[in-house]
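The following exercises are meant to be worked through with the sequence and the model side by side. Each begins with a task and is followed by a solution in steps.

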Amino acid sequence: MIQNFLFAVSQIFAPGNFLLLVLGGVGGIIVGCLPGLTATMALALLVPFTFTMPAESGLIMLGGLYVGAMFGDAIPATLINTPGTPSAIATTFDGYPLAKRGLAQHALIANAFSSLFGGIVGTIVLLTISPLLAELGLKFGPPEYFWMAIFGLTIIGTLASDSILKGLTAGGLGLLLSTVGISPIAGDVRFTFGVPSLQAGIDLMVALIGFFCIPQVLEMVEAGVKKYKVIDYRPQKGVVSRVIKQLITKPVLMIRSSLLGVLIGIIPGAGGNIASLVSYNEAVRWSKHPEEFGKGNIEGIAATESANCSVVQGSLIPMLTLGIPGSPAAAVILGALLLHGMRPGSELYTTFGSITYTFIISFFVAVIVMFLFTALGSRLFAKMVSVPLQHLAPMVAFLSIIGSFAIRNSILDVGMMLLFGITGYVLHKLGFQSGPLVLGMIMGPFAEQGLVQSLLMGRARGSVMAMMFSRPLTLVLVFLCGISIAWPIVMAWRKKANLKSESSQTLPQPDDLRGQ
Amino acid sequence: MFSIDTLSGLMVLTTAAFAWFYSRSFTYYGGVFVSWVVLILFGLGIALTAKGIFAAKPMRVRDGKFEHWNVVGIVGSLTLSILAMPWVGFMVTSIAAYTCISLLITPRSARTPRSWLESLGVGTVAVLLFYGVFRYVLLVPLPLGALFS
């Protein structure tokens, strides 16, 4: 452990790697500043640039970008009342009113410091919990892996979409896509339609670029050219220390919000937007002055931004330990790990320990560096909001082409990327989300291998049912799968019933009508 | 008119039927996972279709045909550039696609010779820059095109 720690520090502060961290972070802040672009999209576009680098350098840069985007998205939320990424939606509630009151610098410093705090708490949790969880993963056999994959899919299917049916369907379609190529145990050639390149299966990064970048470009184009009015401000001396002092006196709020962010980040599909909204809601609930929220309360900013930033590390916990990404962005980082030949699980903390700890510890440095950049340079970054769509959309499309080509030097991959992009766009129009679909593609091989191996083991031992349902861990996972599907259905049904009873109470009664 | 849910359900059922048709020749262990996925998709497809029929929600049609044509234009530009890449190479197709997309997004009133030149100029610089990074720094051989190599 100490050896890994020392290696990590030496790697992070090596000039080349530190430069990559700064470049990734600044790129992330810029992406975060641009409404319409997301961290997932930026990560998907960056992976092709990093896969020729040593694994630790590539991961440091990706981590920097992810953190940078979470810092940057609060800038437009505060200065133009439009969140840079969906994760910053709750920051607009208090950030923009505070900026409108002439306290934009206060709001931006509160954003930066809260993100720093959330990032540090998240990294501490990631560093302490993930090796323990990875050890637990060693107890998993094929049936547990199968049920774990199904649990991941059911939870993301129910959480990441407005419609449970569509979320689960998207996950199912992702599973079907994952079966393209040679089957893992029997060796059948499936759904290749005579195209030899498809025998190796669909490249995950190509699918990620297609599903997360092209629909974004097309939707940006649909939304059209927008002009934003940015609130300008003049930086004043002493504001940084004053805001930090104010926030340090709220340790309960900061720690609660950061831990909520980590917890929600761990749940696949929940993501930064849910974390920041839940954290904001809790801040209002626990506050002695809830009436001040929504009018430019610095506590509202602290709650949302610390949760928003700690989600980054939270979403990496299930991804690094069990291979289940907590967010679409974590799914892209999983794709990058797989490109470097690193499989999630205990191996990451043993065989690849030095690289994994470098990646995790780099978050400490990344959040400090990003704090300095956003605390001092938000005014400059805010000018990025004015980048014209005429250059933004073609640039993303162009980077999608070059990125998907670079992975295997194949034009077929570029065509596949475009096909996935168009499919993703049509699916968005029909109300499906890309997140469950991509998670289905990621979990498919785990689930299939788990199922087929369990069937083989079960037949050898005389009972497939006993193998699939009687082990303690599988029982827990089956129970969790049931809960994850049933819970939202029950909640929706209760909500409907409540609405029905409320509307029947407000409807005029026959006696009232008779009296008129 | 179909509701969004009915249309989604029918699409899922078609996909599941297609996958089932192709999976009939798979061996037991090669096809068992596919069969389960297809079965689940059939169930979800039927549920979506039924939801669409019994709780019909009219399909939303976006206003503004201009943006729809832009989307078609961008998909067309990207498709053409990918199809032409093996012959004309990465640089020419990328500059052309960049310029086309940029011009398509520019509002009609702002489409002047100057905006054409600006799109072409920015596109050329961006493509050359990334070509250089991939070709010489990351050592990724980008296609030169059969006509030029």
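**Exercise 1. Describe the overall build of chain A.**

Begin with the contacts: residues 24 or more positions apart account for 78% of the contacts in chain A that have a separation of 6 or more, where two residues are in contact if their C-beta atoms, placed from the backbone, lie within 7 Å. The model is a predicted one, in which local features need pLDDT of at least 70 and side-chain atom pairs count only at pLDDT 80 or more, whereas totals for chains, interfaces and linings use all residues. Residues are numbered from 1 along each chain as its sequence is written, and chains are lettered from A and ligands numbered from 1 in the order in which they are written.

Next, list the elements: chain A has 21 helices and 2 strands, these being DSSP runs numbered from the N terminus (H or I, at least four residues, for helices; E, at least two, for strands). The radius of gyration of chain A is 24 Å, close to the 24 Å that the globule rule gives for 516 residues, so chain A is as compact as a globular protein of that length; the radius is taken over C-alpha atoms, and the rule is 2.2 Å times the number of residues to the power 0.38. The C-alpha trace of chain A spans about 80 × 70 × 45 Å along its principal axes.

Finally, turn to burial: 59% of the 516 residues in chain A are buried. A residue is buried if 20 or more other C-beta atoms lie within 10 Å of its own, exposed if 12 or fewer, and partly exposed in between, with C-beta atoms placed from the backbone.

**Exercise 2. Characterise two helix packings in chain A.**

Two packed helices are described by the angle between their axes and the distance between the axes.

Step one takes α9 (residues 204–223) and α17 (residues 411–429) of chain A, whose axes come within 7 Å and cross at roughly 55 degrees. That angle makes α9(A) oblique to α17(A), given that angles under 35 degrees count as roughly parallel, over 145 as roughly antiparallel, 65 to 115 as roughly perpendicular and the rest as oblique. On the side of α9(A), the residues in contact include A:V206, A:G210 and A:L218, and on the side of α17(A) they include A:M416, A:G421 and A:H428. By class, this contact has 14 nonpolar, 4 polar and 1 charged residues; Ala, Val, Leu, Ile, Met, Phe, Trp, Tyr, Cys and Pro count as nonpolar, Asp, Glu, Lys and Arg as charged, and the others, Gly among them, as polar.

Step two takes α12 (residues 271–286) of chain A, which packs with α13(A) at an angle of about 145 degrees, the axes being 8 Å apart. Among the residues that make this contact are A:G272, A:S276 and A:A283 of α12(A), together with A:G300, A:A307 and A:V311 of α13(A). The contact of α12(A) with α13(A) has 6 nonpolar, 7 polar and 1 charged residues.

**Exercise 3. Is A:I324 buried or exposed, and which residues does it contact?**

Locate the residue first: A:I324 lies in the loop between α13 (298–322) and α14 (328–339) of chain A. A:I324 is buried, because 27 other C-beta atoms lie within 10 Å. Leaving aside neighbours within four places in sequence, A:I324 is in contact with A:M148, A:G152, A:P268, A:P318, A:M319 and A:M443. Of these, A:P268 is 56 residues away along the chain, yet its C-alpha atom is separated from that of A:I324 by 7.3 Å.

**Exercise 4. Examine two loop residues with positive phi.**

Most residues other than glycine have a negative phi. A:F193, in the loop between β2 (189–190) and α9 of chain A, has a positive phi near 50 degrees; it counts as exposed, because it has 7 C-beta neighbours inside 10 Å. A:N409, in the loop between α16 (389–408) and α17 of chain A, has a positive phi of about 50 degrees although it is not a glycine, and with 11 C-beta neighbours inside 10 Å A:N409 also counts as exposed.

**Exercise 5. Describe chain B and the side of it that touches chain A.**

Chain B has 5 helices and 0 strands, and 30% of its 149 residues count as buried. In the interface, 54 residues of chain B are in contact with 47 residues of chain A. α2(B) gives the most to this side of chain B, with 13 residues. The residues of this side divide into 39 nonpolar, 12 polar and 3 charged.

Conventions: Axes are lines fitted to C-alpha atoms, for helices over the stretch in contact, and angles run from 0 to 180 degrees between N-to-C directions.
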